[in-house]
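Work through the following exercises with the coordinates open, and follow each solution step by step.

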Amino acid sequence: MKQNDFIATVLPFKDRLYRIAKRILVSNDEAEDAVQEVYLKLWKGKEKIKNYKNPEAFAITMTKNYCLDRLKSKQASNLKIVHSNYQNSDNLEKQIEANDGVALVFKLMESLPEQQKIILQLRDVEEFEFAEIAKMLDSNETAIRVALSRARKTLREQLIKKYNYGVS
């Protein structure tokens with residue numbers, strides 16, 4: 001595989017890999033490093049890429065595994081927490097409110113078990129199909145649906161608790 005073919009194959013999903021890495025590792029710098037490492041590994045195995053039915057799913061699996069390994073490593077204690085800004089509106093007040101809501105949901109997602117967090121990211125943020133997620137995570141669709149349902153239920157309960165706190 002030549003460099004141009006490699007770039008055409010793997011570059012389109014760079015942002016998706018970054019978002020997954022960011023969801024797992026939280027830090028922008030760590031997520032960028034993770035994506036760079038995954039691309040390096042993909043480049044080293046570039047001749048095998050054409051053998052995969054879905055190179056994007058393979059790269060996402062690699063990214064997930066690399067990030068989870070990073071969290072388990074001794075270096076995990078050095079991870080920096082950096083918050084991103086999300087913009088959804090031109091009106092400053094609405095923009096701030098939307099930023100707070102999105103930031104709260106993403107913050108609550110951090111408290112979920114790792115598997116639920118990844119499934120929620122892949123389904124609700126990245127919009128993958130259940131079959132694709134099951135393949136990426138080496139699971140079955142039923143388990144993915146159950147984990148997603150539990151993750152959404154936990155988030156919903158936490159949001160209700162947060163916004164109804166003190167209301168009789």
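**Exercise 1.** In this predicted model, identify which residues of the largest nonpolar core touch the most other members, and establish which helix gives the most to this core.

*Solution.* The largest nonpolar core holds 42 residues, and those that touch the most other members are Leu-17, Tyr-39, Leu-42 and Leu-122. Next, list the elements that give two or more residues to this core: they are H1 (3-10), H2 (14-25), H3 (28-44), H5 (55-72), H6 (92-110), H7 (114-125), H8 (130-136) and H9 (141-163). Of these, H5 gives the most, with seven residues. Finally, take Tyr-39 and set aside residues up to four places away in sequence: Tyr-39 then touches Phe-6, Val-10, Leu-11, Phe-13, Lys-14 and Leu-17.

**Exercise 2.** Describe how H2 and H5 pack, giving the angle and the distance between their axes, and classify their relative direction.

*Solution.* The axes of H2 and H5 lie 9 Å apart and make an angle of about 25°. Angles under 35 degrees count as roughly parallel, and H2 and H5 are therefore roughly parallel to each other. Their crossing is right-handed. Among the residues that make the contact are Leu-17, Ile-20 and Ile-24 of H2, together with Ala-59, Ile-60 and Cys-67 of H5. By class, the residues of this contact divide into ten nonpolar, one polar and four charged.

**Exercise 3.** Decide whether Gln-116 is buried or exposed, and find which residues are in contact with Gln-116 beyond its neighbours within four places in sequence.

*Solution.* Begin by placing Gln-116 in helix H7. Buried means under 20% relative accessible area; Gln-116 has 14% and is therefore buried. Leaving aside neighbours within four places in sequence, Gln-116 is in contact with Ala-147, Arg-150 and Ala-151.

Methods:
Residues are numbered from 1 along each chain as its sequence is written. This is a predicted model: local features need pLDDT of at least 70, side-chain atom pairs count only at pLDDT 80 or more; totals for chains, interfaces and linings use all residues. Side-chain values use heavy atoms; hydrogens and water are left out. A nonpolar core is a set of buried Ala, Val, Leu, Ile, Met, Phe, Trp, Tyr and Cys residues joined through side-chain atoms within 4.5 Å. Buried means under 20% relative accessible area, exposed over 50%, partly exposed in between (1.4 Å probe, protein chains only). Helices (H or I, at least four residues) and strands (E, at least two) are DSSP runs, numbered from the N terminus. Contact means heavy atoms within 4.5 Å. Axes are lines fitted to C-alpha atoms, for helices over the stretch in contact, and angles run from 0 to 180 degrees between N-to-C directions. Angles under 35 degrees count as roughly parallel, over 145 as roughly antiparallel, 65 to 115 as roughly perpendicular and the rest as oblique. A crossing is left-handed if the near helix is turned anticlockwise from the far one by less than a right angle, and right-handed if clockwise. Ala, Val, Leu, Ile, Met, Phe, Trp, Tyr, Cys and Pro count as nonpolar, Asp, Glu, Lys and Arg as charged, and the others, Gly among them, as polar.
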